[in-house]
Every structure is written in C-alpha cells, then in structure tokens.
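Me: I've got a model up on screen and I'd like to go through what the labels mean. Can you take my questions one at a time?

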Amino acid sequence: MKTEKQKMIAGEHYLGGDPEIVKDRRRAKNLMHRLNVTEYRVTKKAREIIKELIPNSGANLYIEPPFFCDYGYNISCGENVYFNVNCVVLDCTTVTIGSNVFFAPNVQLYTATHPLEAELRKTVESALPITIGDDCWIGGNSVICPGVTIGRGCVIGAGSVVTKDIPDNSLAVGNPAKVIRKLNQ
C-alpha cells in the first residue's frame, strides 16, 4: 500500500494533512525562512540553503529571494536556471525544468489541484506534473497550471496563464495563453 507521500508524488488523491507530508512542508518552510529572511542576499550560505532545498538541480541554479515552494525535492532543474524575485513553485509532484531557463518576477508554477466534487475536495488533494523544456523564458506574473508541458525554446509573455501544453519554439501570450507565432524558424 502506498504512503500518502507516494500518492502525492504519483499524482493520485492524497491526504494533505498526513504527518510525513506536513513534516516535509515544515522542513521546506524552515529552509525558505533562512533563505528569504536570514540570508536574503545571495551569498555562499544562501547557495548552500538552495542546494539543500532543491537537491535535484544542475550547476548554476540561481534564486533571487524571496522564493516559495511546498517541498523543494520535487523540483529538478538543468543547468543555468534563474528564478527572479517572488517566484512560487507548488511542487506537490514533479516539476521538471530544463537548462537555460529564466523565470521573471512573480512567476507561479502550480502542480497542486483539487477535485471538482465539493465533498471529495473537503478531504483530498491531488497534483499533476509540470515540465518546462530547455532554453525557455517565462515572463513576469505568468501562471503555469497543473499538468502543463512547455516545449524547448519557448517564450511565455508576461501575465500569461498557461492552461494547455505549448509546443517547442513558440511564443505564447494571454489568458489563457495561446501560441501567437513560432520562434527560431
């Protein structure tokens, strides 16, 4: 039988108040407090905290505090990933980020979702993975919704809400985000 944490990561319904999950969230919050308050400037100590918070990252993961996530361990990054200030990653399941990806201020990545049925929503949660390919730029105040894949070489315009997959080498803008042209052609 799966633990609630295993169900969460697998994208199945799970109990968000499970003690193991709560403990993991508390651990992440403690690390973010150290990053966002104690070590607000990007220092050697801040980089150590980032590595502890997001252990599955390549070289040159750079985060401008404040930064917020649920767990950290469900985020995997390639090399040269940059999060500008005030980014949020709700990583209840996997968030896979390629190399050379840049997030402008206030970008939000939401894997967390909830059942549409009111009674079920009172007790369980679920999550869908997010994938962002190499060489992407996500504009400020954009929201990436649960289950979305953004292909390689994409630009997401500021303020966009990405509700559906975006193919490689696309410029997508709006709410909901729509591809308005191909890039690198």
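Me: Which residue in β9 stands opposite Leu 90?

Reply: Tyr 110 does. Keep in mind that this is a predicted model, where local features need pLDDT of at least 70, side-chain atom pairs count only at pLDDT 80 or more, and totals for chains, interfaces and linings use all residues. Residues are numbered from 1 along each chain as its sequence is written, and side-chain values use heavy atoms, with hydrogens and water left out.

Me: What makes β6 and β9 a pair?

Reply: Two strands (E runs in DSSP of at least two residues, numbered from the N terminus) pair if DSSP finds at least two bridges between them. β6 (residues 87-90) and β9 (residues 108-110) have three bridges, in the parallel sense, so they pass. β3 also pairs with β6 in the parallel sense, again over three bridges, and there Phe 68 has Val 88 as its bridge partner.

Me: Why is Glu 4 called buried?

Reply: Buried means under 20% relative accessible area, exposed over 50%, and partly exposed in between (1.4 Å probe, protein chains only). Glu 4 comes in at 14%, so buried it is. This residue is found in helix α1.

Me: What makes the link between Glu 4 and Lys 7 a polar contact?

Reply: You need a pair of N or O atoms within 3.5 Å; within protein, one must be able to donate a hydrogen and the other to accept it, and residues adjacent in sequence count only if both atoms are side-chain atoms. The side chains of Glu 4 and Lys 7 are joined at 2.9 Å, so the distance fits the cut-off.

Me: How do you know that the length of α2 agrees with a helix?

Reply: Helices are DSSP runs of H or I, at least four residues, and the expected span is 1.5 Å times one less than the number of residues. For the 20 residues of α2 (residues 19-38) that gives 28 Å, and the end C-alpha atoms are 27 Å apart, which agrees.

Me: Why say that the buried residues of α2 line one face?

Reply: Seen down the axis, they fall within an arc of 125°, so they line one face of the helix. The arc is that of the directions from the helix axis to the C-beta atoms. Among the buried ones are Ile 21, Leu 31 and Leu 35, while the face turned away carries exposed residues including Lys 23 and Lys 29.
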